[in-house]
Amino acid sequence: MCGIVAYVGERDAYPLILKGLKRLEYRGYDSSGVALLHHSELNIYKKKGKVSELEAQYSGKEPRATVGIGHTRWATHGEPNDKNAHPHHSNNRKLAIIHNGIIENYASIKKQLLQKGHVFHSDTDTEVLIHFIEDIQHETGHGLEESVRLALREVVGAYAIVIISADHPGQLIAARKGSPLVIGIGENEFFFASDATPIIEYTKDVVYLDDYQVAVVREGKLSIQSLDNLVTIPYIQKLEMELETIEKGGYDHFMIKEIFEQPRSIADSMRGRLRAGDAHLTLGGLNSYLDKLAEADRIVIVGCGTSWHAGLVAEYLFEELARINVEVEYASEFRYRNPVIGDKDVVIAISQSGETADTLAAIELAKSKGATIFGVCNVVGSSIARATDAGAYTHAGPEIGVASTKAFTAQVTVLTLIAIATAKRKGTITEDSYLQLLNELEGIPAKVERVFENAAKIKEIAFIFTYARNFIYLGRGLNFPVALEGALKLKEISYIHAEGYPAAEMKHGPIALIDEDMPVVFLATKDSSYEKIVSNIQEVKARKGRVIAIVTEGDTLIPSMVDFVIEVPEVHEILTALVSVIPLQLLSYYIAVMRGRNVDQPRNLAKSVTVE
Ligand code: M6R
């Protein structure tokens, strides 16, 4: 969603901020802007559209400044246009602000300010906030920092903000509640950003701001205080991310780079945790909580989108291996019910970004009811990682493409490790099965690599179906969540309508859609429901549906029945999702590219959904 980049130091701020905003483009946005302070003069440049359009419009006109703030906006209040783009200035034009999040009570504040004669130039909640801060300064006579604090105590909602002031050159003020903000610390310079990607090429020393904290950089020094004026010593952490992980590395899109990275990212998610030869399985962040999991009455898994699909896979794993009752909930639904949950329940929150607002809110709700919360997150130090009692990072590396690919397989891998470890602790699997699973898991990266040998064939199939208007994806058992994930991948990047269904459900409705224009993707690998899937394929073929089947290498029956076949290597049934999802990712990618879609930044979508 929205992105923040701000800089104060000795470098030329404008190109640095623009470069940082481009690094944040993957989050999804519809306009961008920059405010620069030059000899106490505050200038704002903003424009609807891509950062490159902002850059083109002001090329050569911007002054050299060593302090500035920049933003990419994903519209919530007011349509995407130049006037609603950030930064916004105060009534006296001496302050400017960039903001991620939503100020929920902005309308009542705006009403009071209008009565005092404030004039607004946008439809945004953000503009109201900076006017409010100015008003507090004016009414109370407090300095800017204290006025920011007083304003933030009054606002309801979520925010990560950075404020620049014409009266205070060399100063930036930032604050957060519910929306991430990271501060990079260099030699006589500071960087602010909504995630570490714009900072990584300048410094690896960072401070993650906590909720209700206000950070001030003044005269080359960083200080942090809470909204209640409690001083905190900044806790400096080292970023482990490398620059090449956030660049395309010769690929046309981040998505295809990330698909092909999966043998490595799956291996990374197991690194240091699994050594099959020594029967070794350990999850550092979870070890002391394994008893809690093994003794849980119930596991409730919460997540959204692809992470929710990974949760559905985990449901099979925990029930099959550890014999624990599992429920998988959309975080957005869970938070608005009155779920029956208590201290014998364990909640597992799954999130690539670790910033999804609905998942965070579900965690808070479950916490308030006494449940133990585990997190399975990709982004180290993210809000969800910090809000949980314990957890395991997926270590997939930065995922830049909006469509989640390597994050899904890393989530499934880590959840498999947790399920196996829990089953071992509980004594619900035999030593033989345990050792077999560890061995099979270790072999998964090589098997995923083998799926890529079919990439050219998948591309040909994509070519044939480029202009299909609908798709159905069907699977059973562990392949049912994969069917959902395949359909989600296709719709979000190609804009083709696609639905995933449990194959047996087809005859309860979707079968009415089947005709010669309906491509049906069957997840038909050799597993315990193979015979049933064969029958479902026959039902579709009898109605002239065009079938693309994902089958196990060496299968001869299904290839004789269907129109197109994509083979995947044989794996232990429990691990099916890790290989059967790969051809679906590739199929979606190639179709989207052939349709000329913006694969990495599909329309209307954001990488981390920080609003509900
Ligand atoms: O960062 P999260 O895993 O919490 O994100 C959840 C969903 O927003 C995300 O998986 C979304 O569905 C992706 N676009 C799927 O490709």
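The following paragraphs describe the surroundings of the ligand and then two residues of the protein, E399 and H89. The model is predicted.

The ligand is a suitable starting point. It is surrounded by 14 residues, and the closest are S307, S351, S353, T356 and E492. By character, this shell comprises eight polar, four nonpolar and two charged residues. Domain 2 (249-442) and domain 3 (452-612) each supply at least three residues to the shell.

Several polar atoms of the protein approach oxygen atoms of the ligand. In the side chain of T356, an N or O atom lies 2.4 Å from a ligand oxygen. The side chain of S351 places a polar atom 2.6 Å from an oxygen atom of the ligand. At T306 the backbone is involved: one of its polar atoms is 3.0 Å from an oxygen atom of the ligand. Taken alone, the ligand would expose 410 Å², of which the protein buries 91%. Two elements, α9 (305-322) and α17 (479-494), are those that give two or more residues to the shell around the ligand.

Attention now turns to E399, which is located in the loop between β22 (390-393) and α13 (406-426). Is this residue buried or exposed? E399 has a relative accessible area of 3%, and because buried means under 20%, the residue is classed as buried. Setting aside residues up to four places away in sequence, E399 touches Y26, E258, Q352, N378, S404, T405, K406, A407 and K607. Two of these neighbours also take part in polar contacts with the side chain of E399. The side chain of S404 is joined to that of E399 by a polar contact of 2.8 Å. The backbone nitrogen of T405 likewise lies 2.8 Å from a polar atom of the E399 side chain. A further relation links E399 to a distant part of the sequence: T245 is 154 residues away along the chain, yet the two C-alpha atoms are 8.6 Å apart in space.

The second residue, H89, belongs to strand β5 (residues 88-89). Its relative accessibility is 16%, and since the limit for a buried residue is under 20%, H89 also counts as buried. The side chain of H89 forms a polar contact of 3.0 Å with the side chain of R93. When neighbours within four places in sequence are left aside, the residues in contact with H89 are I44, L95, A96, H121, E127, I130 and H131.

Notes:
Residues are numbered from 1 along each chain as its sequence is written. This is a predicted model: local features need pLDDT of at least 70, side-chain atom pairs count only at pLDDT 80 or more; totals for chains, interfaces and linings use all residues. Side-chain values use heavy atoms; hydrogens and water are left out. A residue is near a molecule or strand if one of its heavy atoms lies within 4 Å of it. A polar contact is a pair of N or O atoms within 3.5 Å; within protein, one must be able to donate a hydrogen and the other to accept it, and residues adjacent in sequence count only if both atoms are side-chain atoms. Accessible areas come from the Shrake-Rupley method with a 1.4 Å probe; for residues, only the protein chains shown count as cover. Helices (H or I, at least four residues) and strands (E, at least two) are DSSP runs, numbered from the N terminus. Ala, Val, Leu, Ile, Met, Phe, Trp, Tyr, Cys and Pro count as nonpolar, Asp, Glu, Lys and Arg as charged, and the others, Gly among them, as polar. Domain bounds come from an automatic or database domain assignment. Buried means under 20% relative accessible area, exposed over 50%, partly exposed in between (1.4 Å probe, protein chains only). Contact means heavy atoms within 4.5 Å.
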